[in-house]
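This report describes one structure, proceeding from an annotated segment to the chain fold, the chain contact, the DNA surface and the nonpolar cores. The sequence and coordinates are shown first.

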Protein chains: 2
Amino acid sequence: MSTPVRTRAARKSPGERSAEIVEAARLVALEQGLMAVTLRAIAARAGVTPALVAHYQPSMDALVADTFAHIVAEELDELSGLLAGRPGPAERLGTLLDTLLDGTRDDVTIVWVEAWALGRRNDALAASVRAQMDAWQDLLRRIIEEGVDHAGFRAPDADAAAWQILGMVDGLNAQALVRWGDASERGSLIHGAVEGMLGLERGALAVRD
Amino acid sequence: MSTPVRTRAARKSPGERSAEIVEAARLVALEQGLMAVTLRAIAARAGVTPALVAHYQPSMDALVADTFAHIVAEELDELSGLLAGRPGPAERLGTLLDTLLDGTRDDVTIVWVEAWALGRRNDALAASVRAQMDAWQDLLRRIIEEGVDHAGFRAPDADAAAWQILGMVDGLNAQALVRWGDASERGSLIHGAVEGMLGLERGALAVRD
DNA sequence: CGATATATTGATCATGCGATCAATAAGGTG
DNA sequence: CACCTTATTGATCGCATGATCAATATATCG
């Protein structure tokens, strides 16, 4: 067996150790969901004792909330960077939808779904979920507004359209957690719906590489 | 305090007791979510010992799956009955959307959200979720097909449209679990989106009583 | 080099979970 | 009424959770 003989963890500065613990929590959440983010799971991941994890965190509720925010904010950053390289609103919107529904995001989706559920009993998590929802809606809304101004999008209310699209993305992804899901089928669903909602012709959001 | 002195539960037939336990599980799930469906919670609700609840159920996984199916199927039945009284496809679709997003369904929504999450580790539950999703999509698809035939709906693919709408309904409801939610705002979002997707004029799905 | 501050640990507690089983008591039957 | 089937229970096990704290070991500083 490869059961490593546990040796005492090297002494490190609080800042460094704290960052390691947050990172371990992030990995646990992505691999097994937010509900699996426990003192012991994080400790095992970080090569440390549960007591040390507890020592660095005020409470599990706060740790779960931080872990959620960390995961989602990081993905938002990455996607923002990816979108910056796209020429126009239609390409940006198409890339965004394809990225969010490409079928390789179940790990992040399960984090969202569990956050909605756990948020009912974890106020800090609920606040974090609200903030992240707003951030994503904001990104989407800006693209739509830009498209209305410069790419022929027809959206009388960009704010509402952004919520509608975000709702459908979240709903389809959540459903896909349990349903056998052909990613391309899901992608086609969201493309068709969004093209219809924004008055675009079919295929307008197709990503051409 | 009103802590009732526990007396031995009256002896009942297996069928009757089993039904009581299923009903108690249903109430627990609606009040506190699927994750709170435990032997002890059900037992307290049914006025019985945990051992008896265990005696009547093969496993908790199966009990949770049954509870989910019971709750969702019952709601589908009720809604079907309600829709039967509506004159045409537009009225049926409008009533369906208003019912699903009227802001008084958080108890059922939390059951759906937790079912998606728990379904990853409970095969019976996942199968049940799939079946119920199909049933709801079927109801929606039939209404859309009828609308295309007789009420001017423009949906080249009724099957896809039903999945799109169901995705948006589930997504918006799940988000509303954590977000302060003005129900009328959500209703307006979904009405607007669906009217756009089906080529209907604004207000076509408004429910007129 | 020795002293001090503190990062780290092992042990332990209280709680809640599903599950099991012998013991008990209630109801139906002869 | 007596018997016997079985619905119901209390006790208990093994496991996992978050939390706490005195004890220990290590890095840093004087």
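UniProt, in an unreviewed entry, lists residues 15-75 of chain A as "domain: HTH tetR-type". In the model, which is predicted, residues 15-75 of chain A are 80% helix and 0% strand, and the C-alpha atoms at the two ends of the span lie 23 Å apart.

Chain A as a whole has 9 helices and 0 strands, so that its elements, read from the N terminus, follow the order α-α-α-α-α-α-α-α-α. Along the principal axes, the C-alpha atoms of chain A fill a box of roughly 60 × 35 × 35 Å. Of the 209 residues in chain A, 39% count as buried. When contacts in chain A between residues at least 6 apart in sequence are considered, 66% join residues at least 24 apart.

The contact between chains A and B draws 31 residues from chain A and 31 residues from chain B. On the side of chain A that touches chain B, at least two residues each come from helix H6 (106-118), helix H7 (123-150), helix H8 (158-176) and helix H9 (183-197) of chain A. Of the contributors to this side, H8(A) gives the most, with 11 residues.

A second surface lies near DNA strand D, around which there are 23 residues; Thr38(A), Leu39(A), Ala54(A), Ala9(B) and Ala51(B) come nearest. Chain A supplies two or more residues to this surface from each of helix H2 (39-46) and helix H3 (50-56), and chain B does likewise from helix H1 (14-32) and helix H3 (50-56).

The table gives the residue classes of the two surfaces.

| Surface | Nonpolar | Polar | Charged |
|---|---|---|---|
| Side of chain A that touches chain B | 18 residues | 8 residues | 5 residues |
| Surface near DNA strand D | 12 residues | 4 residues | 7 residues |

Attention now turns to the interior. In soluble globular proteins, nonpolar side chains tend to be buried together. Here the largest nonpolar core has 61 residues, of which Phe68(A) and Phe68(B) touch the most other members. Which residues does Phe68(A) touch, not counting those up to four places away in sequence? The partners are Leu34(A), Val111(A), Ala115(A), Leu125(A), Ser128(A) and Val129(A). Phe68(A) also falls within the span listed by UniProt, residues 15-75 of chain A. Apart from the largest core lies another, of 56 residues, including Leu166(A), Ala193(A), Leu140(B) and Ala158(B).

How values were computed
Residues are numbered from 1 along each chain as its sequence is written. Chains are lettered from A and ligands numbered from 1 in the order in which they are written. This is a predicted model: local features need pLDDT of at least 70, side-chain atom pairs count only at pLDDT 80 or more; totals for chains, interfaces and linings use all residues. Two residues are in contact if their C-beta atoms, placed from the backbone, lie within 7 Å. Helices (H or I, at least four residues) and strands (E, at least two) are DSSP runs, numbered from the N terminus. Ala, Val, Leu, Ile, Met, Phe, Trp, Tyr, Cys and Pro count as nonpolar, Asp, Glu, Lys and Arg as charged, and the others, Gly among them, as polar. A residue is near a molecule or strand if its C-beta atom, placed from the backbone, lies within 6 Å of it. A nonpolar core is a set of buried Ala, Val, Leu, Ile, Met, Phe, Trp, Tyr and Cys residues joined through C-beta atoms within 7 Å. A residue is buried if 20 or more other C-beta atoms lie within 10 Å of its own, exposed if 12 or fewer, and partly exposed in between; C-beta atoms are placed from the backbone. UniProt positions are given in the numbering used here, feature names are shortened, and annotations may be inferred rather than shown by experiment.
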